[in-house]
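Reader: I should like to learn how the features of a structural model are read, one at a time. Could we work through an example together?

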Amino acid sequence: MSIPFNFRLTDFPSEAETLRLEVREFLSTALVDVPKETRAETWYGADEGFSRKVGERGWIGLSWPTEFGGSGRSAMERYVVLEEMLTAGAPVGAHWIADRQSGPLIIRYGTSEQQEKILPGILKGETYFCIGMSEPDSGSDLAALRTKAEKKGEKYIVNGTKLWTSGAQRCQYMIALFRTSKEEDRHGGLTQFIVDLTLPGVTIRPIIDLAGRHHFNEVIFEDVEVPETMLIGKEGDGWNQVTAELALERSGPERYLSSYALLQELIKEFSERNDYEGVTEIGRQMAHLTTLRQMSVSVAGMLNDGDNPALEASVVKDLGAVFEQDLPNLAHRLMDLEPDSQGNDFQRYLAILTQISPSFSLRGGTREILRGIIARGLGLR
Amino acid sequence: MTNETSQLLYDTAEKLFSDHVTKNCIVDSEKGIWPDKLWTEVIDNGLNLVLVPEELGGVGGSWMNAGILFKAIGRYQAPIPLAENIISSYILGLAGIEQPDNSILTILNGAFFAESNLISGSSPRTPFSSYSSHGVLLFKDGSDLKIGLVELNKNNIKENNNMALESRGHIDLDKEPIIKSATVDCDSNLINKLGALMRSNQMAGALEAILTQSVRYANERIQFGRPIGKFQAIQQDLAVLSTHVAASSVAADYASSSMDKGNPDFAIAVAKSRIDDAVSVGAGIAHQVHGAIGFTYEHGLHFATRRLWSWRAEYGSGSEWAKLLGEKAISHGSEKFWPSITQGNLDL
């Protein structure tokens, strides 16, 4: 057996470093009024006004080809924009999914009609997407999904329920994976659609999470008529299309920076008190963070070169989630301060991140699923 | 693999080590038998000169190239001072000192000073001291920092081993003559840093080896009627091991590449600290998967794991390097934390 991973180091080109300074400059004024709680949530924090400003700068669809209205810049430059936004605590949640995966999916598989209709709004930071994959009886076992789209003339009639749909309440569209043929054909019977969430028969119900926040939704489809022109890619190709999408979803800087605000706040506390008690632990976190960043950047480089780093992406996401989840516990061990949403900045960050950290190893593929993928790569399955 | 030189070095080391670094070779080395044939091949192929400029008869390679060899040493647990000789040749090169013919070099790491051209000081854990003819060291001469070359003789060495039974003698120099020396403008902590860089890469290689062995074993060992690798509990553990192996390789490359860019302080500290954590998790999983057989001397897993446990403590433990990172982060304040990571620089 040889090691199945190939993480080659990737350097940022000089134009990416120039862009980094522009983004920092922009954020130094754009974030003044954003509350701490929103900042702590990074890509789960949404502010439509902020998204429009980012769109105005041309930083949404940065790496999309210019023929689709993108800036045609490299994946490395896009990476810089993302990591600067996340570490600054910018509320990028509204446009995040559309920029990261829905737009690229439409560019890759969409019809020109779909592209002309939807892409301009994404680029302006005004059109938002959610992901319709999970269902009540289909979580990690995605291929067990049951929501049906039945062809009837020029339309598909959709019935079923999507669950844990983040941000659906503010999105115009969902990229949904529906079953278009009989259940025995687990993988081959799945098809992706672009679903306009304002269509009659679509009901979006909030699911409040343990921290009292409204991110999740249940999206119910009752005889929803989706025009066949909104099928994306090929009928029956949904599984393969989704798999390709997941490589984009699993390796980005959001997969290890979710608790970044807390780490920064911890350093701030130590600096202000001139306290070196937890110094070794801070250094260890710095070493882990830096290594994760090099790994994640390496995957961005592979994507930029047109490679398929699906396995490497799973490695980054698994290690990244462990890192993100350890931070609230570490912060608790090092500081004798209670998590308190009414307390000082550190306590407020600690309160929010302690509560939301269980989700880090669930969203975008659970820890167990990712490790199963890695084990297959190692030749164990 | 970044370029042709790397590929060539990788292939050469693979061929040489797979031919010569047999289990017997390692077992013999633990009994104090010098693997002469292996060493001769290594020297004949010029692998020790990877960092020496071409005009001086070397390969003229980069630190990324050298990293390929350091990792190969770890992957095969080659019981020879190749890494130490690569580093020593590099240090001598910094001072423009020519390497004596047929010498085996080692690195003296400790506080040394000179008085009227006689050198004193001690190097408590000197790698492969029992086989080395010469020592390379950094020393103070008045206010000057110098690189020097000394001849070693048995009277100066108190032999000792590390836990992996690699020679690590205590060397005391008491007003010994210097063969050659030159004043240099370099970091007084240079040897410790290069040592940490070298061991980080070797550990990344040894971690690859224990992953490979563990996966092979899990696919071969049958219990409950099937290979134990078919059980999810084992699969999940091996997946975790592999994530640490991947991280270690990246951290080691990051350190080597930062060395090539002339800005290695941050990256070396990151690598030694990150890989130390990988060793703690990784060696544990490898032994768990191997069960009792991996705990025997007969089985070869321990050649890698005992080295990992020794190497993680050499040239500063992970905690030592983490402490340096943490102190800088706290003293510079939270505003500079992220820029220091994006620039890979401790002192912005």
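**A guided reading**

Author: Let us begin with one pair of residues: B:E115 stands opposite B:L118 in β3(B). Please bear in mind throughout that this is a predicted model.

Reader: In what sense do β2(B) and β3(B) pair, and over how many bridges?

Author: Strand β2(B) and strand β3 (residues 118-127) of chain B run antiparallel to one another, and the pairing extends over 4 bridges. The hairpin they form has 2 residues between the strands.

Reader: Which residues of strand β2 lie on its covered face, and which on its uncovered one?

Author: In strand β2 (residues 112-115) of chain B, B:F112 and B:A114 make up the covered face. The uncovered face holds B:F113 and B:E115, and B:E115 is the residue already met opposite B:L118.

Reader: What should I note about the backbone of the hairpin at B:S116?

Author: B:S116 takes a positive phi near 40 degrees. B:N117 also has a positive phi, of about 65 degrees, although it is not a glycine. This residue, B:N117, is found in the loop between β2 and β3 of chain B.

Reader: Why does B:N117 count as exposed?

Author: The count of C-beta neighbours decides the matter: B:N117 has 11 of them inside 10 Å, and therefore counts as exposed. A residue is placed in that class if 12 or fewer other C-beta atoms lie within 10 Å of its own.

Reader: Where is B:L165, and what is its phi?

Author: B:L165 belongs to the loop between β6 (157-158) and β7 (168-177) of chain B. Its phi is near 60 degrees, a positive value in a residue other than glycine. With 18 other C-beta atoms within 10 Å, B:L165 is partly exposed.

Reader: Let us turn to helices. How does the reach of α4 of chain A agree with the span expected of it?

Author: The general idea is that an α-helix has 3.6 residues a turn, so residues three or four places apart point the same way. Helix α4 (residues 75-88) of chain A has 14 residues and reaches 20 Å from its first C-alpha to its last, close to the 20 Å expected. Because 13 of those 14 residues are buried, α4(A) is largely enclosed by the rest of the structure. Just after α4(A), A:G89 takes a positive phi of about 75 degrees.

Reader: Which residues of the largest nonpolar core touch the most other members?

Author: In soluble globular proteins, nonpolar side chains tend to be buried together. Here the largest nonpolar core has 215 residues, and A:M174, A:F193, B:L69 and B:L238 touch the most other members. Helix α6 (residues 190-220) of chain B gives the most to this core, with 15 residues.

Reader: What surrounds A:M174?

Author: Leaving aside neighbours within four places in sequence, the contacts of A:M174 include A:F129, A:C130 and A:L197. Counted in the same way, A:C171 is in contact with A:Y128, A:F129, A:C130 and A:L197. A:C171 is found in the loop between β3 (155-162) and β4 (173-179) of chain A, and it counts as buried, with 23 C-beta neighbours inside 10 Å.

Reader: How is chain A divided into domains, and which elements of domain 1 touch domain 2?

Author: The division is into domain 1 (14-127), domain 2 (131-237) and domain 3 (251-377). Between domain 1 and domain 2 of chain A, 13 residues of the former are in contact with 11 residues of the latter. On the domain 1 side, α5 (93-109) and α6 (112-123) of chain A each give two or more residues. The largest share, 7 residues, comes from α5(A). By character, this side has 7 nonpolar, 5 polar and 1 charged.

Reader: How many residues does each chain bring to the contact between chain A and chain B?

Author: Chain A brings 41 residues and chain B brings 44 residues. On the side of chain A, the largest share, 15 residues, comes from α9(A). That side divides into 20 nonpolar, 12 polar and 9 charged residues.

Reader: Is B:R274 buried or exposed, and what does it contact?

Author: B:R274, in helix α8 (residues 265-290) of chain B, is buried, with 31 other C-beta atoms within 10 Å. Beyond its neighbours within four places in sequence, B:R274 is in contact with A:A287, A:H288 and A:T291, and with B:A247, B:S248 and B:A251.

Technical notes: Residues numbered from 1 in each chain as written. Chains lettered and ligands numbered in written order. Predicted model: local features only at pLDDT ≥ 70, side-chain atom pairs only at ≥ 80, totals over all residues. Domains from an automatic or database assignment. Contact = placed C-beta atoms within 7 Å. Nonpolar A, V, L, I, M, F, W, Y, C, P; charged D, E, K, R; others polar. Core = buried A, V, L, I, M, F, W, Y, C linked by C-beta atoms within 7 Å. Buried ≥ 20, exposed ≤ 12 C-beta atoms within 10 Å, placed from the backbone. Pairing = 2+ DSSP bridges. Expected span 1.5 Å × (residues − 1).
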